[in-house]
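Here's a quick tour of this structure, going from strand pairing to salt bridges and then to the ligand. Have the viewer open as you read.

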Amino acid sequence: MADKFDLIVIGAGPGGYVAAIRAAQLGLKTACVEKWLNKDGKVVHGGTCLNVGCIPSKALLEASHKYVEAKEDFSDLGINASDVSVDVKKMMARKSTIVKNLTGGIAGLFKANGVTALDGTGKVVSGKQVEVTDLDGNATTYDADNIVIAAGSVPVEIPPTPMTEGLIVDSTGALEFQEAPKRLGVIGAGVIGLELGSVWNRLGSEVTVLEAMDDFLPMVDSAIAKETQKLLKKQGMDIRMGARVTGSDIKDNEVVVKYSDEKGDQEATFDKLIVCVGRRPYTKGVIADGVSIDLDERGFIHVDDQCRTGVPTVYAIGDCVRGPMLAHKASEEGIMVADIIAGHKAQMNYDAIPSVIYTSPEVAWVGMTEQDAKAKGIKTKTGAFPFAASGRAMANNATEGQAKVIADAETDRILGMHIVGQHAGEMIAQGVIAMEFGSSAEDLALTCYAHPTMSEAVHEAALAVEGHAIHMANRKKKR
Ligand code: FAD
Ligand code: AMP
């Protein structure tokens, strides 16, 4: 007879593998089902994030950034690095080694924590049963007191630009180019489009980004978004806003993209095209007919604030449910549901989930923009500080960008923090912790920051909320 488990998790991405490890740590007999196959046909853990998402993209972003630094910025520091060249194949091989080590590491963590790894495709056949079809096509049904679905997401495809081997690719394909295409088109100026566009721009491609919306990065405070757009333009990215892609043709191994903007119908020709128009939840085959788990109108599994589906013993987390499609959000939901299943009280603060765009400089934010607050009728006071006035930023040759704190005008409670600048992705943790603890801008202003650090810009921005920044002429504040 097949084993019985306290918990079976379907999917071993950052949502599923974290849920499984936490549950096992809390004493639950746990199994995790995964079907992702590597190039050798072996099951690997880690999901989108480790295999084709966060990790490989960051490996290429870091390497390509260092290349540009060596080529263009070292001379500013008094370092003569002539004949700097790039070996894209080696860069790709390094990225693949990192992916291999990390995905292999999850199998080790499963072993160390006593999680049973089940290779194959999982399907919820009842509130307490999961059918697993192994790689040879044999199906086994396992009993489980609880089930977590963490099936993740896949890239959205749009009819005007069907995937075409080697020419029109999604984000996964864009992580596999073996040389920089001369002319590269990117559809979508979202997080993934800007990151992948940056990688190839740095490695020598002429990059054109076509974005249907008029507003650049609408989820980011408009002052920070504007500055980011300017900085990326300065780096050579041609970002065309209000450009809706309507069709494409392949001619002589080139991609001709048709789009419309305020001037009318346009065309642009590329050697390769990356389609980065978002991701959709992946739920294909995960729920058997007759199990009453609902999907919403966009295909996400419908869950409550604690990730419960309509079936009390079945939870769903990560990219296949509502909320931002981020690895750390998936992991935190994994921890929350494991805690709940183990009988503990747990909840998540969805208002304090940070986001980072790993361009150079990085863009990072948490909470509301000044514009969000205004739209909600909340009166705000804000403080901003430019890295151009930071001693550490000057020493780092990284004076681009600014940090901005948005606080409630009446209570002084921090509502949001938005930053564009070197290491913004590290600095934003301060905003997240401040918001988790319900801090006021004054709390940050009264905190002692190490000098010289980039984070002092956050301190100064908090001081600037009351017009008290030290290293800047403050805007006059109404009192
Ligand atoms: P996934 O990681 O998609 O994992 C789901 C897993 O479930 C997969 O392994 C899949 O094979 C498995 N599965 C599905 N159905 C079944 C089944 N029936 N049986 C067995 N297994 C199944 N997020 C960040 O936070 N930071 C970043 O820097 C970042 N960069 C990104 C860059 C790129 C290019 C991309 C594409 C994404 C990036 N993301 C980033 C998003 C991040 O990868 C996702 O939010 C995250 O992976 C979601 O985790 P998940 O566990 O919900 O799903
Ligand atoms: P994200 O959801 O952050 O990954 O961003 C995807 C981006 O792609 C969004 O900003 C969309 O507006 C954009 N997008 C979607 N469809 C099209 C299209 N046909 N042409 C241009 N941009 C598009």
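Let's start with a strand register: Lys4 stands opposite Asp143 in strand 6. Bear in mind that this is a predicted model. That pair belongs to the parallel pairing of strand 1 (residues 4-10) with strand 6 (residues 139-149), which runs over 6 bridges.

Strand 6 has other partners too. Strand 5 (residues 129-133) pairs with strand 6 in the antiparallel sense, over 5 bridges, and there Thr133 has Ala139 as its bridge partner. The hairpin of strand 5 and strand 6 has 5 residues between the strands, and Gly137 takes a positive phi near 90° in it. Strand 17 (residues 314-316) runs parallel to strand 6, joined by 3 bridges, with Ile147 opposite Val314.

Back to Lys4 for a moment: Lys4, Lys128 and Asp145 are linked in a network of salt bridges. The total count of salt bridges comes to 21. Here are three of them.

| Salt bridge | Closest N to O distance |
|---|---|
| Arg240 and Asp238 | 2.8 Å |
| Lys258 and Asp249 | 2.8 Å |
| Arg322 and Glu333 | 2.9 Å |

The Arg322 and Glu333 pair links distant parts of the chain: Arg322 sits in the loop between strand 17 and helix 8, Glu333 in helix 8, 11 residues apart. Is Glu333 buried or exposed? Glu333 has a relative accessible area of 0%, so it counts as buried. Arg322, at 25%, is partly exposed. In the Arg240 pair, Arg240 is partly exposed at 27%, and Asp238 is partly exposed at 31%. Likewise, Lys258 comes out partly exposed at 28%, and Asp249 partly exposed at 29%.

Now for the ligand. Which residues come closest to ligand 1? Of the 38 residues that surround ligand 1, the closest are Glu34, Thr48, Lys58, Gly122 and Ala327. The shell divides into 18 nonpolar, 15 polar and 5 charged residues. Strand 2 (30-34), helix 2 (47-52), helix 3 (54-73), strand 4 (121-126) and helix 8 (327-341) each supply at least two shell residues, and helix 2 gives the most, with 4.

Backbone atoms make polar contacts as well. An oxygen atom of ligand 1 lies 3.4 Å from a backbone N or O atom of Pro14, and a ligand nitrogen is 3.5 Å from a polar backbone atom of Lys35. A polar backbone atom of Leu326 is 3.2 Å from an oxygen atom of ligand 1. On its own, ligand 1 has 1000 Å² of accessible area, and the protein covers 95% of that.

Definitions and conventions:
Residues are numbered from 1 along each chain as its sequence is written. Chains are lettered from A and ligands numbered from 1 in the order in which they are written. This is a predicted model: local features need pLDDT of at least 70, side-chain atom pairs count only at pLDDT 80 or more; totals for chains, interfaces and linings use all residues. Side-chain values use heavy atoms; hydrogens and water are left out. A residue is near a molecule or strand if one of its heavy atoms lies within 4 Å of it. A polar contact is a pair of N or O atoms within 3.5 Å; within protein, one must be able to donate a hydrogen and the other to accept it, and residues adjacent in sequence count only if both atoms are side-chain atoms. Accessible areas come from the Shrake-Rupley method with a 1.4 Å probe; for residues, only the protein chains shown count as cover. Ala, Val, Leu, Ile, Met, Phe, Trp, Tyr, Cys and Pro count as nonpolar, Asp, Glu, Lys and Arg as charged, and the others, Gly among them, as polar. Two strands pair if DSSP finds at least two bridges between them. A salt bridge is a side-chain nitrogen of Lys or Arg within 4 Å of a carboxyl oxygen of Asp or Glu. Buried means under 20% relative accessible area, exposed over 50%, partly exposed in between (1.4 Å probe, protein chains only).
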